[in-house]
Amino acid sequence: MIMDSQEFLIPLNGLTSGRKCFCWNVGKKFFEDFGNAEILDASLDVEAQAEKCGREILVDGVVSGSVTVRCDRCMEDLELPVRTRISLEVRYGSRPAQGQADGDRADEDEEGSVPDREIIFLRSDEKDLDMRQIIYDYVCLSLPMQRFHEEDRCNPSVMEVLSSGIEVKGSPVNGGDAAAENPFSALQDIFKDKEDNNN
């Protein structure tokens, strides 16, 4: 896939009334260009529709497909399904102050405006809406915080090592004479000595 900045642009200048559709494919290089090392691969389809409503433009989209990340448990590749919706309201001008924004929002809600849209502000001289950052943010936010395979799907050899424990200098951490060889064992009574002195 050729990563051309023109590929993810919605031309707003001269957008006529009615809905206009845009389709893009997002792959591995898309996330590499953002410096994201967590997403190892991607196969995503983006479908967006832009509609001019007076001075504002509404953009609705769906991102669907899958991304590949590392499993938090076995560190093997893990393919995660992705399906997230994009709902934007594009406005021209600067973002109002917090108090003013709340007032504007309240007035528009009374007039039947959809309250669940993310509002994007563009300078009056901007002719295009670049969707790259928006797509990137929505995909990343849709991924779970904990990422691991389903039960019994992790690499069995890795899970065997993890379940058997970690050895330090040839001795298991838990059990046996390992506690005596633990370099931190001398610190275990540090608070006990302090309590004895206070008594």
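Trainee: Hi! Where is T68 found?

Mentor: T68 is found in strand β4, residues 56–70. Strands here are DSSP runs of E with at least two residues, helices are runs of H or I with at least four, and both are numbered from the N terminus. A word on the source: this is a predicted model, where local features need pLDDT of at least 70, side-chain atom pairs count only at pLDDT 80 or more, and totals for chains, interfaces and linings use all residues. Residues are numbered from 1 along each chain as its sequence is written, and side-chain values use heavy atoms, with hydrogens and water left out.

Trainee: Thanks. Is T68 buried or exposed?

Mentor: T68 is buried, because its relative accessible area is 15%. The cut-offs are under 20% for buried and over 50% for exposed, with partly exposed in between, using a 1.4 Å probe and protein chains only.

Trainee: And what is T68 in contact with?

Mentor: Leaving aside neighbours within four places in sequence, T68 is in contact with E38, I39, L40, D41, D77, L78 and E79. Contact means heavy atoms within 4.5 Å.

Trainee: E38 caught my eye. Which residue forms a salt bridge with E38?

Mentor: That would be R147, with the closest N and O atoms 3.2 Å apart. E38 lies in the loop between α1 (28–32) and β3, while R147 lies in the loop between α3 (132–142) and α4 (156–164), so the pair ties together parts that are 109 residues apart in sequence. R147 counts as buried, because its relative accessibility is 15%. The rule for a salt bridge is a side-chain nitrogen of Lys or Arg within 4 Å of a carboxyl oxygen of Asp or Glu.

Trainee: How many salt bridges does that rule give?

Mentor: The count comes to twelve. One of them joins the side chains of E51 and R19, at 3.4 Å from N to O. That pair links distant parts of the chain, with E51 in strand β3 and R19 in strand β2 (residues 19–26), 32 residues apart. E51 is partly exposed at 22% relative accessible area, and R19 is partly exposed at 47%.

Trainee: Which residues are linked with R19 and E51 in a network of salt bridges?

Mentor: D60 and R117 are linked with them in that network. Elsewhere, R123 and E126 meet in a salt bridge at 3.8 Å, N to O. R123 counts as exposed at 53% relative accessibility, while E126 is partly exposed at 24%.

Trainee: Back to β3 for a moment. What is A48 in contact with?

Mentor: Apart from neighbours within four places in sequence, A48 is in contact with K20, C21, F22, W24, D60 and G61. A48 sits in strand β3, residues 41–53, and is buried, with a relative accessible area of 2%. A48 and C23 are 25 residues apart in sequence, yet 6.4 Å apart in space, C-alpha to C-alpha.

Trainee: Since you mention cysteines, how many disulfides does the structure hold?

Mentor: Zero. C21 is in no disulfide, and the nearest cysteine sulfur, that of C23, is 6.7 Å away. That is too far for a bond, because a disulfide here is a pair of cysteine sulfur atoms within 2.5 Å. C23 is exposed, with a relative accessible area of 59%.

Trainee: New topic: how many residues has the largest nonpolar core?

Mentor: The largest nonpolar core has 39 residues, and those with the most contacts inside it are V67, L129, M131 and I135. Such a core is a set of buried Ala, Val, Leu, Ile, Met, Phe, Trp, Tyr and Cys residues joined through side-chain atoms within 4.5 Å. Strand β5 gives the most to this core, with six residues.

Trainee: What does L129 touch?

Mentor: Not counting residues up to four places away in sequence, L129 touches F8, L9, I10, L12, V59, L88, V90, I120, L122 and I134.

Trainee: Last one, the overall picture. How many helices and strands are there?

Mentor: The secondary structure comes to six helices and nine strands. Of the 199 residues, 29% count as buried. Among contacts with a separation of 6 or more, residues 24 or more positions apart account for 64%.
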